[in-house]
Amino acid sequence: MKEKIKIYALDSEGRGIGKLNGKVVFVPNALVGETVYIELIKEKRKYSVGRIISYLEKSQKRVHPICPLFGICGGCDIMHMSYEEQLYFKEGKVKNVLGDLIDTDLINKIVYDNNLYYRNKVTFKVDEKIGFYEKDSHRIVSVATCFLISEKMNQILKEIHKKIPLSFLEEVMIREGKYTKEVMVYLKGKNMNFDFTFLKEFVTTFLFDDGNVHILWGDGFIHEKLEQYTYKISPLSFFQVNTDGAIKLYNVVKSYIEEGETVLDLYCGTGSIGIFLSDKIKSLYGVELCKSAVEDAFENKKKNQLQNAHFSCLNTSLFHEKLDKFSTVIVDPPRSGLDKHTKEHLLKEKVPKIIYVSCDLMTLKRDLEVLLKQYKVESITPVDMFPNTYHVECVCVLNRR
C-alpha cells in the first residue's frame, strides 16, 4: 500500500525520519524537506521502515550518486547527499549524540579530504558473484567498479573477475599504498592449481589462503607512507583505510601533544599513531593484541630509525602497568569501545591527559559517561574518514579534573 510522508529529520544512519499516523517511520535515501511516496517494508511496535516508491518533492541538497549500485549495495549510505551536506550531517550527528554530555561549543569543525577513491583496502565477498553484501543481508551484489577505491584496484578486480573461476574463491582483499604504489592481493578459497601470474603487472605481493597462507610472490606485505614515516602492512594487520584521512587525523592528535611528552598508545595496531608523533615526543609505549600488528610495529620502528619506541603484544584488558610515567594516553579502540578494565585503570591511575580516537559515536558516548567522573573534555574534532557512509571518526581530548 502506497503512503505519502514528509521527511522532517535524519537519524544517525542518515535515514529520513517521518511520521505516519503518529508513528515514526525511517526512510533510507530520503532527505529533510522531501515529500515521498513509500511502501512499508518493516513494522515494529515503536517504529516502521519504508521504501521509497517515488518523490513528490526533492531537496536541493540531493545529488545524483556517481555509483549505479547506490541503494542496492550496502557499502555507501549517504551518496545521495552533496559532500557539503554529508559534512554538515556528520557535524550535526556528533553534536546530537554528545550534546547532553558536553557543551557543543567544544566540538570543532569537521576535518575532511577527498570523498571518492580514498580507500587503500577493500574486501570483496565471493559466492558465484564477486562484490559486497546488500545492507542488512548476506546476499552479494555483483560489483564491477567501486568508486571508493583507486583505478588500479578496480583494474585488479576486473582481471580477477575475468580470469579466476569464482567457484574457487570465498574472499578477495586488495590493499594499496597510495604513496608507495605497492599493491597486495590476498585471496581466500579452495586449494587450486592456478596460474595467477597475469596479476604480476599490477601486484607487488600475492597471497593465497586455503587454510594455510601461501605467498606466491613478493614479501607478503606492503608499505605505506604517512608524511615522512614509512609503515609495513601485513595482510591481517589494522591500518587506517583512508591514507590522506589518516594523515589529517594524526595531525589533529599531534596538535594536542606537547614537546617531550611520554605517550602510552593503547590498541596501537602497527604503531601508526605513535610513530607519527615520534619527532615530538620523548618516548612511546604501544600495546596491541594482534601479534602480526606488533611484529609490524617493531619493523616500523626500525624502518623509521626510532630509538624512543617500545611495543608489547598484550590485551589491553590485561594491561596493569602503572601509568604515572606517562603524560598522555592515546586510546584508539575498535567499534566496541573501551573495555571495563581499561576505563577503571585509566580512572585509578590518574593520567593527566587522554586522547580518545573513536570510530563509533555511541561507544564514545558510553565511555565518556564513565571517564567524565574524573576528566573534562577539552575538545572534540570530527574527522571524515569514511565519506559517503554515515560513519564519523572523532578525536576527543580529555584532561584530568
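**Exercise 1. Helix H7**

Which elements do the buried residues of H7 pack against? Determine this for the predicted model shown above.

*Solution.*
Step 1. Locate the helix: H7 covers residues 361-371.
Step 2. List the residues of H7 that are buried, a class that requires under 20% relative accessible area. They are Leu 361, Thr 363, Leu 364, Lys 365, Asp 367, Leu 368 and Leu 371.
Step 3. Identify the partners. The buried residues of H7 pack against two helices, H1 (83-98) and H6, and against strands E20 (353-358), E21 (375-383) and E22 (393-400).
Step 4. Inspect the start of the helix. There, a side-chain oxygen of Asp 360 comes to within 3.1 Å of the backbone nitrogen of Met 362.

**Exercise 2. A residue of H6 and a residue of H7**

State how far apart the C-alpha atoms of Glu 344 and Leu 371 are, and describe the setting of Glu 344.

*Solution.*
Step 1. Place Glu 344: this residue belongs to helix H6.
Step 2. Classify Glu 344. Its relative accessible area is 44%, so Glu 344 is partly exposed.
Step 3. Compare sequence and space. Along the chain, Glu 344 and Leu 371 are 27 residues apart, and 8.8 Å separates their C-alpha atoms. Leu 371 is one of the buried residues of H7.

**Exercise 3. Helices H2 and H3**

Check whether the length of each helix agrees with the span expected at 1.5 Å a residue, first for H2 and then for H3. Then describe the burial of H2 and of H3.

*Solution.*
Step 1. Take H2, residues 151-163. Its 13 residues should span 18 Å, and the end C-alpha atoms are 18 Å apart, which agrees. The expected value is 1.5 Å times one less than the number of residues.
Step 2. Take H3, residues 243-255. Here 13 residues should likewise span 18 Å; the end C-alpha atoms lie 19 Å apart, and this agrees.
Step 3. Consider burial in H2. Met 153, Asn 154, Ile 156, Leu 157, Glu 159 and Ile 160 are its buried residues. These pack against strands E7, E8 (129-133), E10 (169-176) and E11 (183-189).
Step 4. Recall the geometry of an α-helix: with 3.6 residues a turn, residues three or four places apart point the same way.
Step 5. Consider burial in H3. Since 10 of its 13 residues are buried, H3 is largely enclosed by the rest of the structure. Among the buried residues are Thr 243, Asp 244, Tyr 250 and Lys 254.
Step 6. Inspect the start of H3, where a side-chain oxygen of Asn 242 reaches to within 3.5 Å of the backbone nitrogen of Asp 244.

**Exercise 4. Thr 205**

Is Thr 205 buried or exposed, and which backbone atom lies 2.8 Å from a polar atom of its side chain?

*Solution.*
Step 1. Place Thr 205 in strand E12, residues 205-209.
Step 2. Classify Thr 205: its relative accessibility is 0%, so it counts as buried.
Step 3. Find the polar partner. The atom at 2.8 Å from the side-chain polar atom of Thr 205 is the backbone oxygen of Trp 217.
Step 4. Look beyond the neighbours within four places in sequence. The contacts of Thr 205 then include Val 183, Met 184, Val 185, Ile 215 and Trp 217.

**Exercise 5. Two tyrosines with positive phi**

Compare the settings of Tyr 117 and Tyr 267.

*Solution.*
Step 1. Note the backbone angles. Phi is positive at about 55° for Tyr 117, although this residue is not a glycine. For Tyr 267, also not a glycine, phi is about 60°.
Step 2. Place both residues. Tyr 117 is in the loop between H1 and strand E7 (121-127), while Tyr 267 is in the loop between strand E16 (262-266) and helix H4 (272-276).
Step 3. Classify both. Tyr 117 is partly exposed, with a relative accessible area of 45%, whereas Tyr 267 counts as buried at 16%.

**Exercise 6. Empty space**

Describe the lining of the largest cavity and that of the second largest pocket.

*Solution.*
Step 1. Begin with the cavity, which has about 40 Å³ of space. The structure holds one cavity of 30 Å³ or more.
Step 2. Name residues of the cavity lining, among them Leu 266, Phe 319, His 341 and His 345. Helix H6 (residues 340-349) contributes the most, with four residues.
Step 3. Sort the cavity lining by class: four residues are nonpolar, four are polar and none is charged.
Step 4. Turn to the second largest pocket, with a volume of about 820 Å³. Of its 25 lining residues, Pro 28, Ile 41, Gly 71, Lys 135 and Asp 136 lie nearest the centre.
Step 5. Sort the pocket lining by class: 10 nonpolar, six polar and nine charged residues. Strand E6 gives the most to this lining, with six residues.

Terms used
Residues are numbered from 1 along each chain as its sequence is written. This is a predicted model: local features need pLDDT of at least 70, side-chain atom pairs count only at pLDDT 80 or more; totals for chains, interfaces and linings use all residues. Side-chain values use heavy atoms; hydrogens and water are left out. On a 1 Å grid over the protein atoms alone, a cavity is a set of points where a 1.4 Å probe fits but cannot get out, and a pocket is an open set with protein on both sides within 12 Å along at least five of seven lines; lining residues have an atom within 4 Å of a point. Grid points are joined across faces, edges and corners, and a volume is the space filled by probe spheres set on the points. Ala, Val, Leu, Ile, Met, Phe, Trp, Tyr, Cys and Pro count as nonpolar, Asp, Glu, Lys and Arg as charged, and the others, Gly among them, as polar. Buried means under 20% relative accessible area, exposed over 50%, partly exposed in between (1.4 Å probe, protein chains only). A polar contact is a pair of N or O atoms within 3.5 Å; within protein, one must be able to donate a hydrogen and the other to accept it, and residues adjacent in sequence count only if both atoms are side-chain atoms. Contact means heavy atoms within 4.5 Å.
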